[in-house]
Amino acid sequence: MPDRIVFNICIPLTDGETGLAHPPETLQDWLESTVLSFGGATVIGIALLGLWYDEDRSAAENPVEDHSNWYKVAVKPEDEPRLRKHVRDAASRFGQRCIYLERAGEAEFVWRG
C-alpha cells in the first residue's frame, strides 16, 4: 500500500456565480486549512489559463476561459473520502458547480539510509 495518494486540485480565481475575483486571503485560507487537515500541500502554479466547454452554454459562449491556482496534495489512503469532501466544500466556497480533482498517482517516502 502506498504511503500517500497524490491529487491535483485546480481552484478557480473567479467566483463562478458572481464573476468576482476571490481575494488572495480566501485562497490562502483554503491552502492553510488544506495543510492543517492533510499535513501538506504544494502550490504548483498560480493564475494558470484554462479553457473548457460548457454543454449548458451556446456555441458562441464556448470555450469558457478561466484562471486557476494548481495545488498538489498527498493524503493517506484512508483520508481520500475526507479530501473529496474538502474539495466539495471548496466548490461551494468558491462559487463553482464543480472543482477539478485529479487522482495523480501514489507516493512513498524514501528515507535516507
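Of the 113 residues in this protein chain, 33% count as buried. Keep in mind as you look around that this is a predicted model. Measured out along its principal axes, the box that the C-alpha atoms of the chain fill is roughly 60 × 30 × 25 Å.

Let's begin with the parts list. The chain has 2 helices and 4 strands. If you trace the chain from the N terminus, you meet these elements in the order β-α-β-β-α-β. Distant parts of the sequence come together here: among contacts with a separation of 6 or more, 71% are between residues 24 or more positions apart.

Now find the sheet. Its 4 strands are arranged in the order β2-β3-β1-β4, forming an open sheet with antiparallel pairing. At the edges you will find β2, residues 42–52, and β4, residues 100–107, each of which pairs on one side only. As you step from one strand to the next, the twist averages 25°.

Let's look at how particular strands are joined. Strand β1, residues 4–12, runs antiparallel to strand β3, residues 64–75, and 8 bridges hold the two together. You can pick out individual partners in this pairing: N8 has K72 in β3 as its bridge partner, and F7 stands opposite V73 in β3. While you follow these strands, here is a rule to remember: side chains in a regular strand alternate between the two faces of the sheet. Strand β3 also pairs with β2, again antiparallel and joined by 8 bridges. In that pairing, look for G50, whose bridge partner in β3 is D66.

Next come the helices. Helix α1, residues 24–38, lies across β1, β2 and β3, and runs at about 20° to β3. Helix α2, residues 80–93, also packs on the sheet, where it touches β1, β3 and β4, and its direction makes about 0° with that of β1.

How do the two helices sit relative to each other? To describe two packed helices, we use the angle between their axes and the distance between the axes. For α1 and α2, the angle is about 170° and the axes are 12 Å apart. An angle over 145 degrees counts as roughly antiparallel, and α1 and α2 are therefore roughly antiparallel to each other. Their crossing is right-handed.

Which residues meet where α1 and α2 touch? From α1 come T26, D29, W30, S33, T34, S37 and F38, and from α2 come R82, L83, H86, A90 and R93. The residues of this contact divide into 4 nonpolar, 5 polar and 3 charged.

Finally, take a look at a loop. E17 sits in the loop between β1 and α1. Is E17 buried or exposed? Its relative accessible area is 68%, and residues count as exposed over 50%, so E17 is exposed. You can also compare its place with that of W70, which is 53 residues away along the chain: the C-alpha atoms of E17 and W70 are separated by 20 Å.

Notes:
Residues are numbered from 1 along each chain as its sequence is written. This is a predicted model: local features need pLDDT of at least 70, side-chain atom pairs count only at pLDDT 80 or more; totals for chains, interfaces and linings use all residues. Side-chain values use heavy atoms; hydrogens and water are left out. Two strands pair if DSSP finds at least two bridges between them. Axes are lines fitted to C-alpha atoms, for helices over the stretch in contact, and angles run from 0 to 180 degrees between N-to-C directions. Contact means heavy atoms within 4.5 Å. Angles under 35 degrees count as roughly parallel, over 145 as roughly antiparallel, 65 to 115 as roughly perpendicular and the rest as oblique. A crossing is left-handed if the near helix is turned anticlockwise from the far one by less than a right angle, and right-handed if clockwise. Ala, Val, Leu, Ile, Met, Phe, Trp, Tyr, Cys and Pro count as nonpolar, Asp, Glu, Lys and Arg as charged, and the others, Gly among them, as polar. Buried means under 20% relative accessible area, exposed over 50%, partly exposed in between (1.4 Å probe, protein chains only).
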